[in-house]
Amino acid sequence: MSARQIWIVDFGSQYTQLITRKTRELGYSGEILTLEKVEELFNNGQYPKALVLSGGPHSVFEDNHNYDFLFQREDLPILGICYGMQLLGKHFNGQVEKGFTGEYGHSKVHFTSDFKIENCPDEFNVWMSHSDHISSAPSEFSVVMETNNNFIGAIKHNSRPILGLQFHPEVDHSEFGKEVLGHFYDELANLNQDWDSKTMLQEAIEFVSQVGDSYVLCAFSGGVDSLVAATLTHNVIGEKLHCFFVDNGLLRPQDYNHIEVLKKETNLNITILDAKENFYNACEGVSDPEVKRKKIGYTFIEVFEEKVHEYEKDHGIKFEYLLQGTLYPDVIESISPHKKGGKSDTIKSHHNVGGIPERMKLKLLEPLRLLFKDEVRMIGKELELNPDWVHRHPFPGPGIGIRVLGELKLDSIKKVQQSDQILFEELHNFDLYGATWQAFTVFLPVQTVGVKGDARAYENVICLRMVDSSDGMTAKYSQLPYEFLTKVSNRITNEVKGITRVVYDITSKPPGTIEWE
């Protein structure tokens, strides 16, 4: 049985994880479950204190599953979002129409009755993503919001604690989305807050305690996820934790410096494995982004397995667990819930999800697996880690390997390393490091005409990518000062050999991803 008081049923929306995140920000524990899992729990007489039905990419007209079991308990508070609201309409005999033109992006909603939400204006902007819609509310429901396109924006059951929203309150694009969710949890579901950083830390500690006296191996990157996971595990089992940092040759100068600092200033047992040539050889001639990610991931597993076996032999120990700093977004973007009863699509593979335990016969230890990046930072603060470490920008496992578009070549890798170091230095010089969630440079395998020293140059392009986010699930490009961008551009074109042009990526996620590959 889920220990969370709110169960979020995944119908395949790429925003489903954000429902969990916003729910926890409000102080309520929530967890995503597949439809099959919820049905199994219901059949065993186990229920949450509130149920949320997520959005999804499918049409209720194409879905023949019987969802009646979700609505049998009249005292169970239910929130239906987008597709979830359409399921409400269909089950309670409202009129759901198949859409030929839909609402996508920003829209406005306004209240249509005496229904009000505290701290919400009468009209506010929301984020829509649907084509099907409820054209006539069920007789047991009242229409409490409408859109500026005359669609039904929200419905509320007249006697049961059920609310349906056509928009997505969980995304940052929806103004007052958190207030809307909070109204459901507080006013309709009457829940008590049960989620904060101390609760998260205590649960993580209890989770780690299951290893007992076993030796634990940590795939250590030095980023906030692996650092927090390693620190809390070390606090529980002490010297039986061993951290291995794989140098894949796809790192930045700041990464090497950071690892040396952690070796000196923490109690962690960190071993550095030099495997540059292994990765360069594995990726030679590879251009496809997904193939590249998998090559890097497979090579990581091979190197890790070989070096760890050597270490075990030399030190006379045997590892039983593999500690990883895997987070919720890693899981949802790597493994399609289609495979486990859900309906989401795979976006890209992540290096740290799956693979090693099967090869090395290790049990996975992932105390952060159900947490988001901002929650991990909160635990880091509880552990009293250096704030600079806790707020360090994310860095992907494949590293520069996915920031050199096309084939990986040493010269291209060097260009990203140099340009990224310049960007890093100027972020600190302008006191802007904390003004953006993640910042990096990308090598573009195109050439453009330029002028250097009164001579024609035909050289490559570096793209700057800086985004604002809280967990990586959605992001907006950072609007940083022109003086800063100018300084970075001038330094890169002057100091990085072979670069004539610098561009700035102003794409949000969605539609783009944060990384280019």
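The exercises below, each with a worked solution, concern a predicted model.

**Exercise 1. A salt bridge within one helix**

Task: Determine which element holds E25 and R21, and how far apart the two residues are in it.

Solution:
- Step 1. Start with the contact: the side chains of E25 and R21 form a salt bridge, with N to O at 2.9 Å.
- Step 2. Place the residues. Helix α1 (residues 16–25) contains both, and they are 4 residues apart, about one turn of the helix.
- Step 3. Check the exposure of each partner. E25 has a relative accessible area of 33% and is partly exposed, whereas R21, at 7%, is buried.

**Exercise 2. Salt bridges between distant parts of the sequence**

Task: For the salt bridge of E382 with K198 and that of D420 with R252, find which elements are tied together.

Solution:
- Step 1. In the pair E382 and K198, the closest N and O atoms are 3.5 Å apart. E382 belongs to helix α12 (residues 373–382) and K198 to helix α5 (residues 197–208), so this salt bridge ties together parts that are 184 residues apart in sequence.
- Step 2. Add the accessibility. E382 is partly exposed at 28%, and K198 is exposed at 57%.
- Step 3. In the pair D420 and R252, the closest N and O atoms are 3.9 Å apart. D420 sits in helix α14 (residues 410–429) and R252 in the loop between β13 (241–247) and α7 (253–265), so the parts tied together are 168 residues apart in sequence.
- Step 4. D420 and R252 are both buried.
- Step 5. For context, the structure holds 26 salt bridges. A network of them links E425, E426, K487, R491 and E495.

**Exercise 3. The second largest cavity**

Task: State which residues line the second largest cavity and which element gives the most to the lining.

Solution:
- Step 1. Searching the whole structure gives 2 cavities of 30 Å³ or more. The second largest has a volume of about 50 Å³.
- Step 2. Its lining consists of R252, Q254, H393, D420, L423, F424, L427, Y433 and A439. R252 and D420, among these lining residues, are the salt-bridge partners from the previous exercise.
- Step 3. Helix α14 gives the most to this lining, with 4 residues.
- Step 4. By class, the lining residues are 5 nonpolar, 2 polar and 2 charged.

**Exercise 4. Cysteines without a disulfide**

Task: Explain why C218 forms no bond with the closest cysteine sulfur.

Solution:
- Step 1. A disulfide is a covalent bond between the sulfur atoms of two cysteines.
- Step 2. The cut-off for a disulfide is a pair of cysteine sulfur atoms within 2.5 Å.
- Step 3. The closest cysteine sulfur to that of C218 belongs to C243, at 4.3 Å, and is therefore too far for a bond.
- Step 4. The count for the structure is 0 disulfides.
- Step 5. As to accessibility, C218 is buried, with a relative accessible area of 1%. C463 is also buried, and its value is 1%.

**Exercise 5. The partners of strand β18**

Task: Work out in which sense, parallel or antiparallel, β18 pairs with β17, with β20 and with β19.

Solution:
- Step 1. Strand β17 (residues 438–452) pairs with β18 (residues 455–468) in the antiparallel sense, over 13 bridges. Within this pairing, F443 has I462 of β18 as its bridge partner.
- Step 2. The pairing of β18 with β20 (residues 499–504) is parallel and has 5 bridges. Here L464 is bridged to Y504 of β20.
- Step 3. β18 and β19 (residues 476–477) run antiparallel and are joined by 2 bridges. V467 stands opposite Y477 of β19.

**Exercise 6. Backbone exceptions**

Task: Locate the cis peptide bonds at P510 and P511, and the positive phi values of N119 and F176.

Solution:
- Step 1. Most residues other than glycine have a negative phi, and most peptide bonds are trans.
- Step 2. The bond joining K509 and P510 is cis, with omega about -10°. The bond from P510 to P511 is cis as well, with omega near 15°. P510 lies in the segment after β20, as does P511.
- Step 3. N119, not a glycine, has a positive phi of about 70°. N119 lies in the loop between β6 (103–111) and β7 (123–130) and is exposed, at 58%.
- Step 4. F176, also not a glycine, has a positive phi of about 60°. F176 lies in the loop between β11 (162–165) and α4 (177–188) and is partly exposed, at 28%.

Notes: Residues are numbered from 1 along each chain as its sequence is written. This is a predicted model: local features need pLDDT of at least 70, side-chain atom pairs count only at pLDDT 80 or more; totals for chains, interfaces and linings use all residues. Side-chain values use heavy atoms; hydrogens and water are left out. A salt bridge is a side-chain nitrogen of Lys or Arg within 4 Å of a carboxyl oxygen of Asp or Glu. Buried means under 20% relative accessible area, exposed over 50%, partly exposed in between (1.4 Å probe, protein chains only). On a 1 Å grid over the protein atoms alone, a cavity is a set of points where a 1.4 Å probe fits but cannot get out, and a pocket is an open set with protein on both sides within 12 Å along at least five of seven lines; lining residues have an atom within 4 Å of a point. Grid points are joined across faces, edges and corners, and a volume is the space filled by probe spheres set on the points. Ala, Val, Leu, Ile, Met, Phe, Trp, Tyr, Cys and Pro count as nonpolar, Asp, Glu, Lys and Arg as charged, and the others, Gly among them, as polar. Two strands pair if DSSP finds at least two bridges between them.
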